[in-house]
There are 2 protein chains.
Amino acid sequence: MAQDKDADSQTARRPRRVTASDVAEAAAVSRAAVSRAFAKNAYLDSAKRDLILETARRLGYRPNALAASLHGTETGLVGIVAGDLGREYDAAFVGALVSGLNASGKWPLVLSGSDALTTQSIRAVLGYPLDALIVRGGSVPTAAFRDAAQLHIPVIFSGRVAEAPLADCICCRNEDGARLAIEAMLDRGRRSFGYIGGPADWSSEAERQTGVQDALREAGLALCAQQQADYTFEGGRSAARQILRDDRIDALFCANDAMALGALSTAREMPGHQVPETLSIIGFDDIPLAAWPDFNLTTIRNPIPETVSQILRLVEARLSDPTRDGEVIMIAPELVARGTH
Amino acid sequence: MAQDKDADSQTARRPRRVTASDVAEAAAVSRAAVSRAFAKNAYLDSAKRDLILETARRLGYRPNALAASLHGTETGLVGIVAGDLGREYDAAFVGALVSGLNASGKWPLVLSGSDALTTQSIRAVLGYPLDALIVRGGSVPTAAFRDAAQLHIPVIFSGRVAEAPLADCICCRNEDGARLAIEAMLDRGRRSFGYIGGPADWSSEAERQTGVQDALREAGLALCAQQQADYTFEGGRSAARQILRDDRIDALFCANDAMALGALSTAREMPGHQVPETLSIIGFDDIPLAAWPDFNLTTIRNPIPETVSQILRLVEARLSDPTRDGEVIMIAPELVARGTH
DNA sequence: ACCGGATGTGAGCACGTGTACATATACGGA
DNA sequence: TCCGTATATGTACACGTGCTCACATCCGGT
């Protein structure tokens, strides 16, 4: 009866996980033998190993990966700062990245939400000894990742070039991509260009805008209209409503596909414009939606499979040699010519 | 020179993370004092605490969350079996869930990819002492989660009712939802119904189909045509191409929005059908895309915010009382009347 | 002067695991 | 018989942290 007090007063604690000691006791072997039964290259009588594995199965024992990683070995945990999974490109990107990590035995701790929440989450999650921290694009200030360096957690930026010597970076050549889009429109004889950009605090925004302006300047032109939106469909829709009020506009480049689809949606409602007869619209990223026949959007591909496999390579490289300098990998964008230009 | 061998032969090990002992030594205090400096309710001279916190900041020390959780306290790690983030509904759902977990200080280990990969990943990730495992819908066999019970890791199924007494389940009333759709179409005077379902191994599929057939039977009708697709836009497109070959079809219900959008896309290409004049199309889920003016899809809302907040509640409840019986929570779907019915 | 409580402090254990170390046995060859 | 090597096994330590326990100090009130 004395024990009842302990059992009840604690509002019913969660039952303890079965440990190697429990298995050792149940199988009447030493705890070290249990450990060896699960190790690859350890001397252990095969009959004893079978007994231990069977006992472990019966009790439901699994070596605790956390305790095992205390010795300084890799934890298998990787952080991903995922941006906003409500955005189509981010969702597709993170999906591919998560699958890739899973396939190579890494377990991603995903952070998502507002920048403020994410910044706070990053601080908290750095309390775990992560093998790496992968940052997807975005607007979270680079300063938020400074702590990671002190903790010897390698940081891999994707869609942003920052702190080059300290961290690895992998990024699409945004300038080239924007230039491809402008040139494709110039080839169609377009002369009056509009541009819908993303939020100014996004690292890619400045580069895409530079690409636009350089390409136009070289053609002896300049932007006729420009709007800043929020990378969403709805944002693209209202921005385009402003720009397309001017019927002379015959080319509209958008800094991502979601906004381009919004612009396309708006253009279809405006009798003064016909896509692609009198108006070209080109987006950026090549999200799956862009290929839907209802949109058939011409866009600049920001290739996910290639980027993800480079990230996986960088994670491995960093883990096998932590002293190497940060690498900067630039990915070449590519024009995907469809029906809107 | 003797030390050089160690340093070089190991192909440059990753530098050790700064520990409480390191801080203690640097600040000339005991290790216990460092621990106390980071604890809430501990007696510690405030000047000494300041010194320790400052030293910790300088050295880049953060308490190791893994080591701290060894004592059997909660780890803060939660598994999410995410399905396929390429699917719009899953992406939106997981995004909301991840944000919610982050906001309450939980860190989701996300698993995604093919069913085979996910099944394998689940086994591996159960090596970590997770606080909970959240399973989003899908086709991963329930058997894959049996180990979790043995490990005392609570499982929360969303979009599937399974092992009711052992695990918590939260699911939309799929039958009711399908019924709402059929009734809305009947109200429009539709009489010839087609149905595009999802893969048979999805738990929700049978329920939605049952709802369809019951509602039709009560109206003295039966399905005129039926196709099984894969929950994707493209799958919906080709399935609709089969069904709509018959011009008499005047109502098409699809088991999710992606397929409904595909069907809508097909219908627009077929001169024999006009949506909504001669053909109603209704989807299921209410993904953000459905509200885009280009589609304006009538659908059945499978509410994400409500579902996610219930999941968060269940996680907390389970953690504070691990002995409670599994709960089954049914969410009421709702007709979102837009322009396609 | 004395005492009880509040505050401050360090030693040391426990958490669960992998493995270095020491020791023991078996075996084959000289 | 002896020795070197491969196999087998238990003891004990290390990993980094939180917390208990025992002890020291201080302060206000009787």
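1. Two strands are taken as paired if DSSP finds at least two bridges between them. On that basis this predicted model contains, in chain A, an open sheet of 6 strands with mixed pairing, whose order is β7-β6-β8-β9-β10-β12. The edges are formed by β7 (225-228) and β12 (334-336) of chain A, and because each of these has a single partner strand, one side of each is left without a neighbour in the sheet. Direction ignored, neighbouring strands of this sheet are turned against each other by 20 degrees on average.

2. At the β12 edge of chain A, the pairing can be followed down to the residue. Strand β10 (residues 298-301) of chain A runs antiparallel to β12(A), and the two are joined by 3 bridges. Thr299(A) has Val336(A), in β12(A), as its bridge partner.

3. The sheet also has a helix packed against several of its strands, namely α9 (residues 174-187) of chain A, which lies across β6 (193-197), β8 (251-254), β9 (280-285), β10 and β12 of that chain. Relative to β9(A), helix α9 of chain A runs at about 160 degrees.

4. Turning to the nucleic acid, the surface around DNA strand C comprises 24 residues, of which Ala20(A), Arg31(A), Ser35(A), Arg36(B) and His71(B) come nearest. Of the atoms of DNA strand C that come within 4 Å of the protein, sugar and phosphate account for 51%. By residue class, this surface divides into 11 nonpolar, 6 polar and 7 charged residues. At least two residues of the surface are supplied by each of α3 (31-37) and α5 (65-68) of chain A and α3 (31-38) of chain B.

5. Phosphate oxygens of DNA strand C have side-chain N or O atoms from both chains beside them, and the distances merit listing individually. In chain A, the side chain of Tyr61(A) places an N or O atom 3.0 Å from a phosphate oxygen of the strand. In chain B, the corresponding distance is 3.0 Å for the side chain of Ser30(B), while for the side chain of Tyr43(B) the distance to a phosphate oxygen is 3.4 Å.

6. As to the relation between the protein chains, chain A is superposed on chain B by a rotation of 180 degrees with 0.1 Å of shift along its axis, at an RMSD of 0.1 Å. The two copies are therefore related as by a two-fold rotation axis. Both copies use the same surface, since 100% of the contact residues of chain A recur in chain B. Among the residues of chain A, Leu109(A) comes closest to the rotation axis, its C-alpha lying at 2.3 Å.

Notes. Residues are numbered from 1 along each chain as its sequence is written. Chains are lettered from A and ligands numbered from 1 in the order in which they are written. This is a predicted model: local features need pLDDT of at least 70, side-chain atom pairs count only at pLDDT 80 or more; totals for chains, interfaces and linings use all residues. Side-chain values use heavy atoms; hydrogens and water are left out. Helices (H or I, at least four residues) and strands (E, at least two) are DSSP runs, numbered from the N terminus. Axes are lines fitted to C-alpha atoms, for helices over the stretch in contact, and angles run from 0 to 180 degrees between N-to-C directions. Contact means heavy atoms within 4.5 Å. A residue is near a molecule or strand if one of its heavy atoms lies within 4 Å of it. A polar contact is a pair of N or O atoms within 3.5 Å; within protein, one must be able to donate a hydrogen and the other to accept it, and residues adjacent in sequence count only if both atoms are side-chain atoms. Ala, Val, Leu, Ile, Met, Phe, Trp, Tyr, Cys and Pro count as nonpolar, Asp, Glu, Lys and Arg as charged, and the others, Gly among them, as polar. Copies are superposed by least squares on the C-alpha atoms of residues with pLDDT of at least 70 in both.
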